[in-house]
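The following exercises are to be worked with the sequence and the model at hand. Each task is followed by a solution in steps.

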Amino acid sequence: MGMSVTISAATEQDAEQIFRLQYLCFQSEAALYANYRIDPLVQTLDSVREEVAADCVFVARLGDEVVGSVRGRVTEDGAASIGKLCVHPRLQGHGIGARLLRAAESALGKGRGAKRFRLHTGHRSENNLRLYRRVGYETVGTAEGADGVPMIVLEKPAETYATTA
């Protein structure tokens, strides 16, 4: 009998697994840009612990193993900034990323009053862009990451959560 992947709020005990998973998952992103100093790869474990304690963080679990993660927080302008969505490479393409995204949107919209959702992804990250557009995000601009990577900024109104869940 196989196990199924469950989505739940992260706990502080998950921080180390999130940290390790993030490092594994963002290697392919770093390779796209020949830049191994992107934020998810240089973030410290203490910083991940702080985010788990302060932000809205969800994990996907397969048994006791954290196989996916996403973080979000409502910013001063009322938007929910969602980031560092990652799924273990062996489980990508099975809808786990979309499930994590929906969990974060629900908690940030219904639970924390976000008016819209905002994501950033690298301009060459076609798989990410495809997922985000499939669930209703639209490009609203560009930005440059602190690491120099050109980013695409995507948003959608919070009230569209119900139509994409």
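**Exercise 1: Residue G109 and its helix**

Apart from residues up to four places away in sequence, G109 touches A114 and F117, where contact means heavy atoms within 4.5 Å. The model is a predicted one, in which local features need pLDDT of at least 70, side-chain atom pairs count only at pLDDT 80 or more, and totals for chains, interfaces and linings use all residues. Residues are numbered from 1 along each chain as its sequence is written, and side-chain values use heavy atoms, with hydrogens and water left out.

Task: Determine in which helix G109 is found, and whether G109 is buried or exposed.

Solution. Step 1: G109 belongs to helix α5, residues 96–111; helices (H or I, at least four residues) and strands (E, at least two) are DSSP runs, numbered from the N terminus. Step 2: The relative accessibility of G109 is 19%, so G109 counts as buried; buried means under 20% relative accessible area, exposed over 50%, and partly exposed in between (1.4 Å probe, protein chains only). Step 3: Other buried residues of α5 include I96, L100 and L108.

Task: Compare the span of α5 with the expected value.

Solution. Step 1: The expected span is 1.5 Å times one less than the number of residues. Step 2: For the 16 residues of α5 this gives 22 Å, and the end C-alpha atoms are 21 Å apart, which agrees. Step 3: After α5 comes G113, with a positive phi near 75°.

**Exercise 2: Helix α6**

Task: Identify which residues of α6 are buried.

Solution. Step 1: In α6 (residues 126–134), L129, L131 and Y132 are buried. Step 2: Because these cover an arc of only 165° around the axis, they lie on the same side of α6; the arc is that of the directions from the helix axis to the C-beta atoms. Step 3: N127 and R134, on the other side of α6, are exposed. Step 4: The buried residues pack against β4 (79–87), α5, β5 (116–122) and β7.

**Exercise 3: Strands β6 and β7**

Task: Describe how β6 and β7 run and how many bridges join them.

Solution. Step 1: The two strands run antiparallel, joined by six bridges; strands pair if DSSP finds at least two bridges between them. Step 2: They form a hairpin with five residues between them, and G148 in the turn has a positive phi of about 90°. Step 3: E144 stands opposite P150 in β7. Step 4: K156, in β7 (residues 150–157), is buried, with a relative accessible area of 2%.
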